[in-house]
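Me: Please take a close look at one salt bridge in this model and at the part of the chain around it. I would like the surroundings described as well as the pair itself.

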Amino acid sequence: GNTQQREILTISPEGEVPVPNVGPIQVNGLTVSAAQSRIRGKMGKFYTDSDIKVTVGQTRTIIVNVMGAVKAPGTYTLSAFSTVFNALYMAGGISDLGTMRNVKVIRNGRQISVVDIYEFIINGRLSGNVRLQDNDVVQVGAYECIVDISGRVKRPMAYEMRKTESLSSLLKYCGGLSGDAYRKFIRVFRKSEDLKSVYNVEEFERAYFKMDDGDSVIVDSIIDRYKNMVEVRGAVFRPGMYHLGEKINS
């Protein structure tokens, strides 16, 4: 516009941008887009005929400790814009013994956030994935409950469950039943202190049947038989399979 000027400014420890001829502008705790809006709003009063553009040239770094059941625990130097997911990525991800449902963020000796990674994987929610600060601790504990599901489901594998979650939650995580699944009941094999048990969980019971660590769930397929079919073979014009019903009978 009418003014041609370029300034490289450093945000002070108090979170202020010292803009010449305008004064300090408070941006502490804002996102990049929110800080840009505030700076433009303040400077627009003085440079009414100019197009003001703001970019971030260099961000400061922070020290974050990633501890517990991760593949490479330790202390990492990250960008000040980093979140819990960024810290876990730097630590190589969660190990086989680690929990994905209860990742804790400790700040100044207090727990400030809990991240459930399943919420992001299944529902796309980033709740708990806070922006980290200097000297934060990301703590990954051991898993509480692992349940294996196999058979006629869309994603058969082992899933981490909370103690309060039911068989219905497990079916949601695995993508649901496949088209040829037997739906009347689902078999659950459970290990007790001295013996094993098997449960046939019917459809209306799934929301109330709580899962335990070490449970094994098997979803059977429907039987390869027909309940309304007759097959015609031999010296006929159209041999093959025909349904029995109101119009056709044996």
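Reply: In this predicted model, Arg-107 and Asp-136 form a salt bridge, with 2.8 Å between the closest N and O atoms. Arg-107 belongs to strand β5, while Asp-136 sits in the loop between α3 (117–123) and β7 (137–142), so the bridge ties together parts that are 29 residues apart in sequence. Both Arg-107 and Asp-136 are buried.

Strand β5 covers residues 98–107 and pairs with β6 in the antiparallel sense over five bridges. One of the residues in this pairing is Val-105, whose bridge partner in β6 is Ser-113. The two strands make a hairpin with two residues between them, and Asn-108 in the turn has a positive phi of about 55°.

The hairpin is part of an open sheet of five strands, in the order β4-β3-β7-β5-β6 and with mixed pairing. Its edge strands, each pairing on one side only, are β4 (74–79) and β6 (110–115). From one strand to the next, the twist averages 30°. Towards the other end of the order, β3 (residues 61–68) pairs with β4 in the antiparallel sense over six bridges, and Val-64 stands opposite Tyr-76 in β4.

Arg-107 and Asp-136 make one of 10 salt bridges in the structure. Elsewhere, Arg-101, Asp-116, Arg-162 and Glu-165 are linked in a network of such bridges.

Two further pairs involve strand β10 (residues 185–191). Arg-187 in this strand is joined to Asp-220, and their closest N and O atoms are 1.9 Å apart. Asp-220 is in the loop between β12 (216–219) and β13 (229–232), 33 residues from Arg-187. Asp-220 is partly exposed, at a relative accessible area of 26%, and Arg-187 is partly exposed too, at 28%. The second pair is Asp-215 and Arg-190, with closest N and O atoms 2.7 Å apart. Asp-215 lies in the loop between β11 (196–202) and β12, and Arg-190 in β10, so this bridge ties together parts 25 residues apart in sequence. Asp-215 and Arg-190 are both buried.

As for the whole chain, 32% of its 250 residues count as buried. The chain has four helices and 14 strands. Its radius of gyration is 30 Å, well over the 18 Å that the globule rule gives for 250 residues, so the chain is more spread out than a compact globule. Along the principal axes, its C-alpha atoms fill a box of roughly 100 × 55 × 30 Å.

Key
Residues are numbered from 1 along each chain as its sequence is written. This is a predicted model: local features need pLDDT of at least 70, side-chain atom pairs count only at pLDDT 80 or more; totals for chains, interfaces and linings use all residues. Side-chain values use heavy atoms; hydrogens and water are left out. Two strands pair if DSSP finds at least two bridges between them. Axes are lines fitted to C-alpha atoms, for helices over the stretch in contact, and angles run from 0 to 180 degrees between N-to-C directions. The radius of gyration is taken over C-alpha atoms; the globule rule is 2.2 Å times the number of residues to the power 0.38. Buried means under 20% relative accessible area, exposed over 50%, partly exposed in between (1.4 Å probe, protein chains only). A salt bridge is a side-chain nitrogen of Lys or Arg within 4 Å of a carboxyl oxygen of Asp or Glu.
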